[in-house]
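Please load the model in a viewer and display side chains as sticks. The tour below proceeds by selection, with ring contacts as its topic.

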Amino acid sequence: MPVRSATTSGAVAVLLGGCVLLPAAQAPTAVAHHSPVIHAHRGASAYAPENTLAAVDAADALGIAWVENDVQLTRDGVLVVMHDTTLARTTDAEQVFPGRAPWAVKDFTAAEIARLDAGGWFGARYAGARVPTLKQYLDRVERNHQKLLLEIKSPEVYPGIEKEILRVLSREGWLDREHVAHRLVVQSFGAESVKVVHERRPDVVTGFLGTPAVADLPSYAAFTDQINPAHTTIDADYVAAVRRVKGAHGKRLRVNTWTVNDAAKAAEVAGFGVDGIISNNPDVVRDATR
């Protein structure tokens, strides 16, 4: 889903983090300093192959509690962690299965995907790393006492994926009170997918990936708790406008922005008042926003 830029207008004072923001026309470009929550994008993907267990561990080694991943369905209905809808970029699928272009995730069984090298492209030390199933990924995050920002990837390609994700989360103990309250967020670019999750499990915290127009925020707030936009589409006014709206659980909408990888940009978006930053270099961003 493409993101849409938005601006705010109107003279409304806002209480945010204990500070009163001035009306938009008078407000400075930055708000009071705070430390946003840092999320390791596809794991600490600057340091280990994205969406692998090695990337989860790399985030843990850096002291990053939150990891973000992408979940898709195989041909035989197994949930796997992979960003692209094709296996070509981050595995050796072209070599192992020649002639099966475009090597779409949905066209391969879980057993076939388990044969692929998902680390060699990143570096020799990671050769042999595998595409994890969601269960394997959850087990590793649990072992490390981390938290999960789970993205439902391309839900339009996988009808019913929301039900299957919730089934696996429940089976693995991730829908108990402690996980739901403190350790899990489910997000997607697909508004309808986020709605399905909210309808099936209203207790689960959800996020919409994108930058809805300010006028449309109340409609999103009916089924989501977070608005998670690209950092290139936001400013302090937009973040303040989002934070004025109460989300599905009656709390102010949160803003987690992506993908910020350098210190200067991290400091800038932290100044906008975002609640979280998603980064391939989570240590760099954390150190720049303390």
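Over the ring of which residue, 5.2 Å from its centre, does the charged end of Arg100 sit? Select Arg100 and Phe97: the ring is that of Phe97. A charge sits over a ring if NZ of Lys or CZ of Arg is within 6 Å of the ring centre and within 35 degrees of the ring normal. Add Phe108 to the selection; the charged end of Arg100 also sits over the Phe108 ring, 3.9 Å from its centre.

This is a predicted model, in which local features need pLDDT of at least 70 and side-chain atom pairs count only at pLDDT 80 or more, while totals for chains, interfaces and linings use all residues. Residues are numbered from 1 along each chain as its sequence is written, and side-chain values use heavy atoms, with hydrogens and water left out.

Turn next to ring pairs. Rings of Phe, Tyr and Trp (its six-membered ring) pair if their centres lie within 6.5 Å; planes under 30 degrees apart count as stacked, over 60 as edge-to-face and the rest as tilted. Six aromatic pairs satisfy this rule. Select Phe122 and Tyr126, an edge-to-face pair with 5.8 Å centre to centre and 75° between the planes. Phe122 is partly exposed at 29% relative accessible area, whereas Tyr126 is buried at 15% (buried means under 20%, exposed over 50%, partly exposed in between, with a 1.4 Å probe and protein chains only). Add Trp121 to see the cluster that ring pairs form from Trp121, Phe122 and Tyr126.

Finally, select Phe189 and Trp258. Their ring centres are 5.7 Å apart and their planes lie at 85°, so this pair is edge-to-face. Phe189 is partly exposed, with 21% relative accessible area.
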